Amino acid sequence: MSADPQPGTDPTPTGPATSAPAPTDSTENLQWRRVHPITPLVRGWAVVGAAVVILGQQSIEGGPRGGLVALVSSEYWWTLLAALAAVALVGWGYSALAWRMTTFAVGEETVHLRRGILFRQQRHARLDRLQSVDIRQPLVARFFGLCELTLETAGGTDSGVAIGFLKGADADELRAELLARAAGLKVADKRQAPAAVAPAPSDAVSVPVPEGTAPQDAGVPVQDAQPQPVPAGSLEAPQVPVLSVPLGRLIASVVRSGAMITLLVWALGVVVVMIVTGEFAVISASLPAVLGAGGYLFNRITGEFDFRVAISPDGVRLRHGMLETRSQTIPPGRVQAVRLVQSVLWRGRDWWRVQVNVAGYGGESEEKNSVLLPVGTREEALTVLSLVLPDLGVDEPRRVLDAGLDGDSRTESVYVTAPRRTRILDPVAWRRNGFTVTGRALLLRRGRMVKVLDVVPHERTQSLALSQGPWQRRLGVASFQVHSTEGPVHPEVPHLEAADAARLMTEQARRARTARAAAGPERWMERQGE
């Protein structure tokens, strides 16, 4: 059984960015720009690197006796260099042609991207559907001081628009401009200044004059006054650092993770089998699994290295990464759901991991882009939660959150919990399963070995569902799910009393409709000016 809280009015449509209604910007009046000229070199190195690996392998296997060293020292050494030069020429030539055919433009309501050589493609990203703006800097691009700007929209996987590569300063300036437009501010055209004011600097932004006030030198009524241009530098919103994750804590959290325990147990088992059987081939047979687990742990450390959280008027800013740095900006109200999770190995330190669902994030980028805090104390976890959901709509929010993080049915709690008879279905964690409702959000808790607390703002409820298996029907219980956008957070609570689950489904659908009706416009600066 499922229910849509407000059919046809979902604020985060699931179609791709190109399937949105036709943008109102006139493409004839747009100023089309190209990315940095070194982009072909940054993108083409991967082709050359792959060619070196393939040619080296083929030379060793099919070349003269003695392998690659003999081939280089023979009279045919020039064939290897010629092959590498040909591959490099083709790879960089194709990248250069792709760079020539790639242009982008920023309109009042839409970002446009044109690309493609044989098959031309034009993508549009509506600024009122902008979910986040990320700046990515791969290792090779870092040597040239270049960045790639990625706009994530509410279209699910592969709905983002990637503009790259740009100089670091240009990427920061473009991000500020996009966030300003998405917030509802009017940015002046670079090619001309407003008619009634002095010529505006490049990338100036026009701020409306508040009602009831007039400029000191204005000789006309307020409603006739022209917007005052603001220098381009003021587009970059100031940020206030909130917290950072120490490297020692990050490494300790990875060592205390389930993946590390699994890797150690697997390695111990391989050593025992090798000693018993005397076969060293066991090591080579288990090497892929060891490399896979080791690669995951390595990516956790390098991807979440130097994790910093800051707050600014245009949203929550995250920065992290060692080999590839990422700077994310999540505008206000774009987070669809939040999860606070704690494994049993973190319980002694009271560490928590905070993950979010943001429309547009998903697929390959889900693990990297959906972390709001990789590891932190309880106070830090609740702090970052307050950044994306400042008001729970309850008098004692800390009491409600602590009950969601630690409480169960044996303690006095505001949570509606699963009945005692469900211990046959979930003998370990049945006391933890429960939910509570505040004025702003629905909170769902579950898990004993791995504690989970999901928080879903009422206006971000996509749809609701009840599921009931044969044993649940016999016991008169049901599981309740909230359908969110794609991401790591899957809000649900199992084995509730069937009557409680049905009542929650009906009331939450009503709350979602009411919250969406009162949510106001998507452009938050326009909403603040009301």
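Colleague: At what angle do helix 10 and helix 11 pack, and how far apart are their axes?

Modeller: This is a predicted model. In it, helix 10 (residues 378-388) and helix 11 (residues 397-406) pack at about 120°, with axes 12 Å apart.

Colleague: Why is helix 10 called oblique to helix 11?

Modeller: Roughly perpendicular covers 65 to 115 degrees, and roughly antiparallel needs over 145. The angle here is about 120°. It falls in neither range, so helix 10 is oblique to helix 11.

Colleague: Is the crossing left-handed or right-handed?

Modeller: Helix 10 passes helix 11 in a right-handed crossing.

Colleague: Which residues meet there?

Modeller: Helix 10 brings Arg378, Glu379, Leu382 and Leu385. Helix 11 brings Arg398, Leu401, Asp402, Leu405 and Asp406. The residues of this contact divide into four nonpolar, five charged and no polar.

Colleague: Now the sheet. What makes strand 2 and strand 4 edge strands?

Modeller: The sheet is open, with three antiparallel strands in the order 2-3-4. Strand 2 (103-106) and strand 4 (121-126) each have a single partner strand, so one side of each lacks a neighbour in the sheet. From one strand to the next, the twist averages 15°.

Colleague: How do you know that strand 2 pairs with strand 3?

Modeller: Pairing takes at least two bridges. Four bridges join strand 2 to strand 3 (residues 110-115), so the two count as paired. They run antiparallel. One bridge links threonine 103 to arginine 114 in strand 3.

Colleague: Which helix packs on the sheet?

Modeller: Helix 5 (residues 168-182) does, touching strand 2 and strand 3. Its direction makes about 45° with that of strand 2.

Definitions and conventions. Residues numbered from 1 in each chain as written. Predicted model: local features only at pLDDT ≥ 70, side-chain atom pairs only at ≥ 80, totals over all residues. Heavy atoms only, no water. Axes fitted to C-alpha atoms, helices over the stretch in contact; angles between N-to-C directions. Contact = heavy atoms within 4.5 Å. Parallel < 35°, antiparallel > 145°, perpendicular 65-115°, else oblique. Left-handed = near helix turned anticlockwise from the far one by under 90°. Nonpolar A, V, L, I, M, F, W, Y, C, P; charged D, E, K, R; others polar.
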